[in-house]
Amino acid sequence: MRTTEKNFSLEGGLKALAEPTRLTILSLLAKYGDLCVAQLVEALKLPQAGVSQHLRVLKYQGLVNVSKSGQWSYYSMIPERISSIASNLQSIPKGIYNIPDQVCKIVECSMLPHPKNDKIINADFDT
């Protein structure tokens with residue numbers, strides 16, 4: 001599957017970032033700029049196949065770019081994507097994260113008492 005801006009998600013980005021080796025790869029790319037797989041293999045002391053797999057996940061989630069120069073592939077971090085993930089994550093405590101409408105409607109229409117104050121959540125029934 002080809003990645004586009006449409007299939008990037010906060011969840012996918014966080015899952016990609018949750019793996020310590022991938023965080024290290026991104027940190028190396030941020031510090032040193034473009035690096036090839038061989039440089040990452042040497043630095044991380046991991047098999048080439050493992051590093052390539054991590055890079056594939058990062059690329060799929062839009063966190064790295066790849067450019068080719070002859071036989072060599074060079075990877076670079078995409079800072080805007082990491083900023084986008086951070087921004088979306090910061091929206092959660094503000095209550096502005098994109099919650100699906102059907103989920104909000106269920107909570108808003110709930111007749112269950114609120115566990116902290118025994119008030120009905122449904123605005124139609126509050127008086």
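Helices here are DSSP runs of H or I with at least four residues, strands are runs of E with at least two, and both are numbered from the N terminus. With that in hand, colour the chain by secondary structure: from the N terminus on, you will meet α-α-β-α-α-β-β-α-α, which makes 6 helices and 3 strands.

Two notes before we set off. This is a predicted model, in which local features need pLDDT of at least 70 and side-chain atom pairs count only at pLDDT 80 or more, while totals for chains, interfaces and linings use all residues. Residues are numbered from 1 along each chain as its sequence is written, and side-chain values use heavy atoms, with hydrogens and water left out.

**Stop 1: the whole chain**

Show the protein chain as a surface. Its accessible surface (Shrake-Rupley method, 1.4 Å probe; for residues, only the protein chains shown count as cover) is about 9100 Å², and carbon and sulfur atoms account for 57% of that. Of the 127 residues, 28% are buried, where buried means under 20% relative accessible area, exposed means over 50%, and partly exposed lies in between (1.4 Å probe, protein chains only). A contact means heavy atoms within 4.5 Å. Among the contacts in the chain with a separation of 6 or more, 47% are between residues 24 or more positions apart.

**Stop 2: the nonpolar core**

Next, select I25, L40, V51, L55, L58 and L63. These are the residues with the most contacts inside the largest nonpolar core, which has 20 residues. Such a core is a set of buried Ala, Val, Leu, Ile, Met, Phe, Trp, Tyr and Cys residues joined through side-chain atoms within 4.5 Å. Helices α1 (10-17), α2, α3 (37-44) and α4 (48-60) each supply at least two residues of this core.

Centre the view on L58. Setting aside neighbours within four places in sequence, L58 is in contact with A16, R22, I25, L26, L63 and V64.

**Stop 3: helix α2 and the loop before it**

Move to T21, which sits in helix α2 (residues 20-32). Is T21 buried or exposed? T21 counts as buried because its relative accessibility is 18%. Not counting residues up to four places away in sequence, T21 touches L44, L46 and H54.

Now pick E19, in the loop between α1 and α2. E19 has 24% relative accessibility and so counts as partly exposed. Draw a distance from the C-alpha atom of E19 to that of H54: these residues are 35 apart along the chain, and the separation is 9.0 Å.

**Stop 4: the sheet**

Hide the helices and look at the strands. The 3 strands form an open sheet in the order β1-β3-β2, with antiparallel pairing. The edge strands are β1 (35-36) and β2, each pairing on one side only. Two strands are said to pair if DSSP finds at least two bridges between them. As background, strands of a sheet pair through backbone hydrogen bonds, either parallel or antiparallel.

Take β2 (residues 64-69) and β3 (residues 72-77) to begin with: they are joined in the antiparallel sense over 6 bridges. Two positions to label in this pair are K68, opposite S73 in β3, and S69, opposite W72 in β3. The two strands form a hairpin with 2 residues between them, and G70 in the turn has a positive phi of about 65 degrees.

On the other side, 2 bridges join β1 to β3, again antiparallel. Here C36 has Y74 as its bridge partner in β3, and L35 stands opposite Y75 in β3.

**Stop 5: an unusual backbone angle**

Which residue other than glycine has a positive phi near 55 degrees? Select K45 and check its backbone: that is where the value is found. For comparison, most residues other than glycine have a negative phi. K45 belongs to the loop between α3 and α4, and its 66% relative accessibility is why K45 counts as exposed.

**Stop 6: a nonpolar patch**

Finish on the surface with L14, L89 and I92, a nonpolar patch with about 240 Å² of accessible area together. Patches are made of residues with over 30% relative accessible area and no salt bridge (a side-chain nitrogen of Lys or Arg within 4 Å of a carboxyl oxygen of Asp or Glu); like charges are joined within 9 Å, and nonpolar side chains (Val, Leu, Ile, Met, Phe, Trp, Tyr) within 5 Å.

L89 lies in helix α5 and, at 40% relative accessibility, counts as partly exposed. Not counting residues up to four places away in sequence, L89 touches L10 and L14. L89 and L14 are 75 residues apart in sequence, yet 9.1 Å apart from C-alpha to C-alpha. I92 is in the loop between α5 (79-91) and α6 (101-108), and I92 is partly exposed at 45% relative accessibility.
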